[in-house]
Amino acid sequence: MATLTEKIIQAHLVEGEMKAGEVIAIRMDQTLTQDATGTMAYLQLEAMGVDQVKTELSVSYVDHNTLQSGFENADDHRYLQSVAAKHGIYFSKVGNGICHQVHLERFAKPMKTLLGSDSHTPTAGGIGSLAIGAGGLDVACAMAGRPFHLTMPKIVGVELIGSLKKGVSSKDIILKLLSMLSVKGGVGKVIEYYGDGVKTLSIPQRATIANMGAELGATSSLFPSDEITQRFLRMQSREADFYPLCADADAQYAEHYTIDLDTLEPLIAMPHSPDHVQSVSSLVGMRVDQCAIGSCTNSSYMDMMSVAAILKGHVVHDQVSLTISPGSKQVLNMIAQNGALADMIAAGARILESTCGPCIGMGQSPCSNAVSLRTFNRNFYGRSGTLSAQVCLVSPETAAISALKGVISDPREADYELPQEPEQFLIDDRCIIAPNPQTADHVEVIRGPNIKPLPSNTPLPDHLEQTVLLKVGDNITTDHIMPAGAKVLPYRSNIEKIATFVFRDVKANFADLCKEKGGGFIIAGHNYGQGSSREHAALAPMYLGIKAVIAKSFARIHHANLINFGILPLCFANEADYEQVQEDDVLVLDDLHNLCANGTILIKNKRSGVLIPCTYALSQLDIGTLLAGGTLNYIKQQG
């Protein structure tokens, strides 16, 4: 009666019981980092005194901060390459591709566990890996050989029936599920896909769906490993990595949903959330200013071939800017050799690097008040770099036909030939540098002047009396907390500098206020910290003196990141009490040294005298970590 998730967890279980809601620990086979989060992760790994990583495989990718307008990014890339050589980590050079696309092609395996310092790590669920996104410190701990702790998730079954029609994409499947469940509908859950419809989807199509499970807030998403998986691995010259895996016929799911692919139509997520979903047909004719195709969600070979087929023989509308980012060097080489790249260029598309690029705010910000159609996974407010832009999420097919027409258009009406999968992918791993254990001792780790020492936190005191510095609403993202983009991310290894940007687009003087008040508290609504796994959204507030966040609910990764950096995450026991607290109120928390697992604490509002009960979902390990002032302090205490 086991599900896919249960089978993989059981094989990797180190601590706890597989009961939903119970804290468990699992062994991690693989890890991945990317350069926006990896620099800090490796600084933390070094701080632990680890010689060689303890995983089966760890890979460091450079794919986010590739815009080299100053020395900072290039210096960090050099640090990442040297620290990888020192500690036994594979290094994927800048230009080799987006971490999730490359990992799917070259490293991900069925039945393996993968922990990545990027929230879209579950992309590998398309090939049957239990892949989980986490903060960089959790990934550093996994590389050091420590198990990964999480709450045993509920398992949700999604049955796919039928098959996709021409012009309808796997992107539309996950947008449909987002419309059904919302951006917080997957919190505390793993989404498993099964049914006859699964057999009609390629591994890249499955990976697109698993990738955007992150937008549901899900811990991970999983597809079975079947003959489609075996064929993909054979095409990548990795058939030896195949492992058959499926849920038992009588597997039990906590929730169950069905999506009929036969009746599915092209969908679009409207600003500023991936679950604001409408049909493309209802918006046909709406002006478009920019189309951006790529990201870890939709940059596979077949995505590129579909786009090239639609563009072939046509020219992009004179009022539209079209950018295309192939997902990997493998993809780019193949479309260059078969002529598809030439078709894109002839149509007037701007070809970008095989990197995250515009998805993470690295260039291609749209014009003021633009309508931007993007094949990415997030359309959060301000993420594009233009606060007034109306960013929408669509499939590659919808983006391509709309770029030609200058208005939102239905790809089912496009006249193009469906591409065919190749018999073999082009294999060239020369831009992936394997570690050499024989020379590791002689490697010098190179640190540029922008790489600063890790900031440390103080232990949690028994009594806290501080000011509410900020009150925000529901679905605050890590982009709200710690903005991305070309002006901010170069300082990811300089916490003192990057902390000046915290909540920049929400409350411009927030960092100054923290310094003036000596830190304080944040009040929030539901799903606080959704989105990117970037731990800087917890690390920088810690540096500014934030001691607690009191919210209606938290996103999983950010909740873990807060604990890792010694910030107490509390939830209102009664949601109505959210209204009892305002900015500038002084709150008092007492008896913190006597916290017990999954307990309740009374907070006093000094202005009103009201006592506010708050709950916390903390294990004894979490409590020990918080009392120590964070994970690194706790590890040092434990020797």
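I began with Asn475, which I found in the loop between strand 21 (464-471) and helix 13 (478-481). I then read its backbone and noted a phi near 55°, a positive value in a residue other than glycine. This is a predicted model, and I keep that in mind for every entry below. For the burial of Asn475 I looked up the relative accessibility, and because the value is 24%, Asn475 counts as partly exposed.

Next I followed a neighbour. Asn475 is among the residues that Asn527 touches, once residues up to four places away in sequence are left out of the count; the others are Val183, Lys184, Val187, Ile476, Ser553, Phe554 and Ala555. I placed Asn527 in the loop between strand 22 (520-523) and helix 16 (536-543). Is Asn527 buried or exposed? I read 3% relative accessibility, so Asn527 counts as buried, whereas Asn475 at 24% counts as partly exposed.

I then turned to Ser182, which lies in the loop between helix 6 (170-181) and strand 10 (189-194). Phi of Ser182 is near 80°, and I wrote this down as another positive value in a residue other than glycine. With 22% relative accessibility, Ser182 counts as partly exposed, since buried would require a value under 20%.

While on backbone geometry I also checked the peptide bond between Pro271 and His272, which is cis, with omega at about -5°. I located His272 in the loop between strand 13 (267-269) and strand 14 (277-279).

I looked at two helices for cover. In helix 4 (residues 99-106), 8 of the 8 residues are buried, and my list for that helix reads Cys99, His100, Gln101, Val102, His103, Leu104, Glu105 and Arg106. Helix 17 (residues 556-564) is also mostly covered, with 7 of its 9 residues buried; I noted Ile557, His558, His559, Asn561, Leu562, Ile563 and Asn564 as the buried ones. Just after helix 17 I came to Gly566, which takes a positive phi of about 75°.

For helix packing I chose helix 9 (residues 301-311) and helix 10 (residues 329-338), and I recorded an angle of about 35° with the axes 9 Å apart. Which hand does the crossing of helix 9 and helix 10 have? I read the crossing as right-handed. On the helix 9 side I listed Tyr301, Met304 and Met305, and these meet Val331, Met334, Ile335 and Asn338 in helix 10. Sorted by class, this contact has 6 nonpolar residues, 1 polar residue and no charged ones.

I closed with the chain as a whole, for which I counted 19 helices and 27 strands. Along its principal axes the C-alpha trace spans about 70 × 55 × 55 Å. I compared the radius of gyration with the expectation for a compact globule of 639 residues, which is near 26 Å, and the chain's 23 Å agrees with it. Of the 639 residues, 63% count as buried. The chain exposes about 22,300 Å², and carbon and sulfur atoms supply 48% of that area. How many of the contacts between residues at least 6 apart in sequence join residues at least 24 apart? I noted a share of 77% for the protein chain.

Conventions:
Residues are numbered from 1 along each chain as its sequence is written. This is a predicted model: local features need pLDDT of at least 70, side-chain atom pairs count only at pLDDT 80 or more; totals for chains, interfaces and linings use all residues. Side-chain values use heavy atoms; hydrogens and water are left out. Axes are lines fitted to C-alpha atoms, for helices over the stretch in contact, and angles run from 0 to 180 degrees between N-to-C directions. Helices (H or I, at least four residues) and strands (E, at least two) are DSSP runs, numbered from the N terminus. A crossing is left-handed if the near helix is turned anticlockwise from the far one by less than a right angle, and right-handed if clockwise. Contact means heavy atoms within 4.5 Å. Ala, Val, Leu, Ile, Met, Phe, Trp, Tyr, Cys and Pro count as nonpolar, Asp, Glu, Lys and Arg as charged, and the others, Gly among them, as polar. The radius of gyration is taken over C-alpha atoms; the globule rule is 2.2 Å times the number of residues to the power 0.38. Buried means under 20% relative accessible area, exposed over 50%, partly exposed in between (1.4 Å probe, protein chains only). Accessible areas come from the Shrake-Rupley method with a 1.4 Å probe; for residues, only the protein chains shown count as cover.
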